[in-house]
Amino acid sequence: MTEHPTHPKRYRRRRRVIIAAVVVVTLLAVVLIVNAVTPRPAALLIRAAVGSVEDVVTIGPYADRISGIEASEPVSVPVDGLPDAQLVLYSNGNESTTGKPVILLIHGGGWILGTASQITSYAKLLASEGYLVANLDYSLAPEYEYPTPVLQSLAALDYLHENVEEFGGDPARMFVAGNSAGAQIAAQLGAIVTNPSLREAMDVSVETPATALRGVILYSGPYDFSTVSRTNFPAFDTFAWSYLGRKDWSSDPRIDQLSTTRTATSDYPPTYLTAGDADPLEPQSYELDAVLRAQGVDVTSRYWTGSGSALPHDYTFDLSTTAAQTAFDDTVAFIEKHSSPRPTG
């Protein structure tokens, strides 16, 4: 017959420690097993770590300029077989005899997090320049995988082209803009609108004519899925796995569709590109820049390599810095240049 230890409390404490250790080890094993078959736990952890930041934009000296910007009621855009795309349109309220240039603005977040409301201040700042800005909410991965956000963005673009006049916009002067993952989506939209082969590969149609899409504005995005792993961007494997729905995402044949470096043609819209000098994704902007210029596309770019500025990913949203202010000025100049009437004859 086994005797109990002479110190029962110490025995019980030791037993509780052992049980707790077994539970922790078991939970870790379960997490490791689950993480091996689905990106969902890692995606949820990233969401929890980032939190629900209401606005990622540091508006800096522009606060007064956005105070009087008008916002529309939310607009739901139907997408066949998918959740509606959601838009809020921003305007300075001033009427334009010719209609305002229209910007479809697409937020970032690795396709797994983020909301349009987080860049509301930037949407309002663009609207203060006399543009009609449509801020887009799309469905997030891993709950909704590729190509859901692209199809929602395309539906939003077509909706704007068809209906934007009632909001004071000009359907013949449209732009798409985005940051990070939103920049990737915006870049892909530019290719879809101008490349019939890509539309055929994706089995999609588009109502917005190529002549109406005057420009693409890209901040800090990934544009070549065959080389992006070399950047060592934090958690990119989780982002891509969540978005494409397969752990070996780099072997997915659809990465060619996502890689604007592979789908851009000489008909691709004029493009503005920028990235920070401390952004791991900066080489992606260089790649797309070179491809577009080789195709004869009109490219405007702003890089900070060698400046020692240490500008991080999405530096454009810290408008307390001179660099972000410069990029904003670049963006306005780009829109003004490409909003002018096209030459005839």
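Mentor: Before the loop that holds serine 180, one convention: helices (H or I, at least four residues) and strands (E, at least two) are DSSP runs, numbered from the N terminus. The model is predicted, so local features need pLDDT of at least 70 and side-chain atom pairs pLDDT 80 or more, whereas totals for chains, interfaces and linings use all residues. Residues are numbered from 1 along each chain as its sequence is written, and side-chain values use heavy atoms, without hydrogens or water.

Trainee: OK. How many helices and strands are in the chain?

Mentor: The protein chain has 11 helices and nine strands.

Trainee: And what share of the residues is buried?

Mentor: Of the 345 residues, 50% are buried. Buried is under 20% relative accessible area, exposed is over 50%, and partly exposed is in between (1.4 Å probe, protein chains only).

Trainee: What about contacts between residues at least 6 apart in sequence?

Mentor: Among those, 76% join residues at least 24 apart. A contact means heavy atoms within 4.5 Å.

Trainee: Back to serine 180, then. Which loop is it in?

Mentor: Serine 180 sits between E6 and helix H5 (181-194). Its phi is positive, about 55 degrees, although the residue is not a glycine.

Trainee: Buried or exposed, serine 180?

Mentor: Serine 180 is buried, because its relative accessible area is 10%. Alanine 310 also has a positive phi of about 55 degrees and is not a glycine. That alanine is in the loop between E9 and H11, and it counts as exposed because its relative accessible area is 54%.

Trainee: Why flag a positive phi at all?

Mentor: Most residues other than glycine have a negative phi, and most peptide bonds are trans.

Trainee: Then which peptide bond before proline 142 is cis?

Mentor: The bond from alanine 141 to proline 142, with omega near 0 degrees. The bond from tyrosine 146 to proline 147 is cis as well, with omega near 10 degrees. Proline 142 is in the loop between strand E5 (132-137) and helix H4 (148-163), and proline 147 is in the loop between E5 and H4 too.

Trainee: Switching to H11. How far apart are its end C-alpha atoms?

Mentor: They are 26 Å apart, which agrees with the span expected for the 18 residues 322-339 at 1.5 Å a residue. The expected span is 1.5 Å times one less than the number of residues.

Trainee: What do the buried residues of H11 pack against?

Mentor: Their partners include strand E4 (100-106), helix H3 (120-127), strand E6 (169-179) and strand E7 (213-219). Strand E8 (271-274) and strand E9 (299-302) are partners as well. Among the buried residues of H11 are Phe328, Val332, Phe334 and Ile335.

Trainee: Aspartate 330 is in H11 as well. What does it touch?

Mentor: Tyr272 and Arg302, leaving out residues up to four places away in sequence. Aspartate 330 counts as buried because its relative accessibility is 13%.

Trainee: And glycine 114, where is that?

Mentor: In the loop between E4 and H3. Glycine 114 counts as buried because its relative accessibility is 17%. Not counting residues up to four places away in sequence, glycine 114 touches His107, Gly108 and Leu140. Its C-alpha atom is 9.9 Å from that of aspartate 55, 59 residues apart along the chain.

Trainee: Last one. Which residues of H2 meet H7?

Mentor: Ala42, Ala43 and Ile46 in H2 meet Thr238, Phe239 and Ser242 in H7.
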